[in-house]
Amino acid sequence: MDGWVRLCETQAARTAPHRVVLDGTGLVAWLATDGTPRVFVDRCPHRDARLSAGYIEEGRLICPFHLWAFDESGHYVGPDGVADPQCAVARFPARARDGAIWVRDVPAPATSG
């Protein structure tokens with residue numbers, strides 16, 4: 001699997017969001033309602049809280065700080081149930097294979113010279 005990096009065991013993300021740090025970037029791995037893995041940056045765009053400290057409810061990742069909900073594509077979903085295409089968390093390609101969640105295209109964190 002060229003370009004793919006093993007992130008964690010699938011079991012680690014089965015019951016709750018799971019935090020993983022990959023090359024200095026905090027990520028949150030979780031499973032969609034159909035069991036496929038999702039990997040987002042582990043920061044809520046609203047108040048920078050760790051999404052991995054939240055929970056999954058009805059196929060949405062819920063931020064623990066102000067209970068913002070993000071759908072499986074990473075878009076914020078308002079109280080009316082409508083996704084906002086202008087507000088999203090960064091999402092990365094993910095797949096399950098050999099009992100693990102694999103990810104690719106995760107950028108290295110910015111560093112200052």
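Let's start inside the protein: phenylalanine 70 is buried, with a relative accessible area of 0%. This is a predicted model, so keep in mind that everything here is computed from predicted atoms.

**The aromatic cluster around phenylalanine 70**

Phenylalanine 70 has ring partners. Its ring and that of tyrosine 76 have centres 6.3 Å apart and planes at 70°, so this pair is edge-to-face. Tyrosine 76 counts as buried too, at 17% relative accessibility. On to tryptophan 68, which is partly exposed at 21% relative accessibility. What links Trp68, Phe70 and Tyr76 into a cluster? Ring pairs do. In total, the structure holds four aromatic pairs. In one of them, the rings of tryptophan 68 and phenylalanine 70 have centres 6.5 Å apart and planes at 40°, so that pair is tilted.

Another ring has a charged visitor: arginine 95 lies over the face of tryptophan 4, at 4.2 Å from the ring centre.

**The overall build**

Now zoom out. How many helices and strands does the protein have? Zero helices and twelve strands. Reading along the sequence, you simply meet β-β-β-β-β-β-β-β-β-β-β-β. The radius of gyration is 14 Å, close to the 13 Å that the globule rule gives for 113 residues, so the protein is as compact as a globular protein of that length. Along its principal axes, the C-alpha trace spans about 40 × 40 × 20 Å. Of the 113 residues, 40% count as buried.

A record adds a label here: UniProt places the feature "domain: Rieske" at residues 4–103, in an unreviewed entry. The end C-alpha atoms of residues 4–103 lie 5 Å apart. That span is 0% helix and 49% strand.

**Two open sheets**

A quick reminder before looking at the sheets: strands of a sheet pair through backbone hydrogen bonds, either parallel or antiparallel.

One open sheet has five strands in the order 5-6-7-8-9, with antiparallel pairing. Strand 5 (55–57) and strand 9 (83–88) stand at its edges, each with a single partner strand, so one side of each is left without a neighbour in the sheet. Which residues make up strand 6, the partner that three bridges join to strand 5? They are residues 60–62, and the two strands run antiparallel. Across this pairing, glutamate 57 stands opposite arginine 60 in strand 6.

Another open sheet has four strands in the order 2-3-4-10, again with antiparallel pairing. Here strand 2 and strand 10 (91–92) take the edges, and each has a single partner strand, so one side of each lacks a neighbour in the sheet. Five bridges join strand 2 to strand 3 (residues 25–31), and these two run antiparallel. Valine 21 sits opposite glycine 26 in strand 3.

**Salt bridges**

The count of salt bridges comes to five. Here are three of them, with the distance between N and O atoms for each.

| Acidic residue | Basic residue | N to O distance |
|---|---|---|
| aspartate 42 | arginine 19 | 2.7 Å |
| glutamate 72 | arginine 38 | 3.7 Å |
| aspartate 105 | arginine 104 | 3.6 Å |

Take the salt bridge between aspartate 42 and arginine 19, where the closest N and O atoms are 2.7 Å apart. This pair links distant parts of the chain: aspartate 42 is in the loop between strand 4 (37–41) and strand 5, and arginine 19 is in strand 2 (residues 18–22), 23 residues apart. Is aspartate 42 buried or exposed? With 1% relative accessibility, aspartate 42 counts as buried. Arginine 19, on the other hand, is partly exposed, with a relative accessible area of 29%.

Next come glutamate 72 and arginine 38, whose side chains meet in a salt bridge. They also link distant parts of the chain, 34 residues apart: glutamate 72 is in the loop between strand 7 (69–70) and strand 8 (75–77), while arginine 38 is in strand 4. Glutamate 72 counts as buried at 19% relative accessibility, because the cut-off for buried is under 20%. Arginine 38 is buried as well, with a relative accessible area of 14%.

Finally, aspartate 105 forms a salt bridge with arginine 104. Aspartate 105 is exposed, with a relative accessible area of 55%, and arginine 104 counts as partly exposed at 33% relative accessibility.

Technical notes. Residues are numbered from 1 along each chain as its sequence is written. This is a predicted model: local features need pLDDT of at least 70, side-chain atom pairs count only at pLDDT 80 or more; totals for chains, interfaces and linings use all residues. Side-chain values use heavy atoms; hydrogens and water are left out. Two strands pair if DSSP finds at least two bridges between them. A salt bridge is a side-chain nitrogen of Lys or Arg within 4 Å of a carboxyl oxygen of Asp or Glu. Buried means under 20% relative accessible area, exposed over 50%, partly exposed in between (1.4 Å probe, protein chains only). UniProt positions are given in the numbering used here, feature names are shortened, and annotations may be inferred rather than shown by experiment. Rings of Phe, Tyr and Trp (its six-membered ring) pair if their centres lie within 6.5 Å; planes under 30 degrees apart count as stacked, over 60 as edge-to-face and the rest as tilted. A charge sits over a ring if NZ of Lys or CZ of Arg is within 6 Å of the ring centre and within 35 degrees of the ring normal. The radius of gyration is taken over C-alpha atoms; the globule rule is 2.2 Å times the number of residues to the power 0.38.
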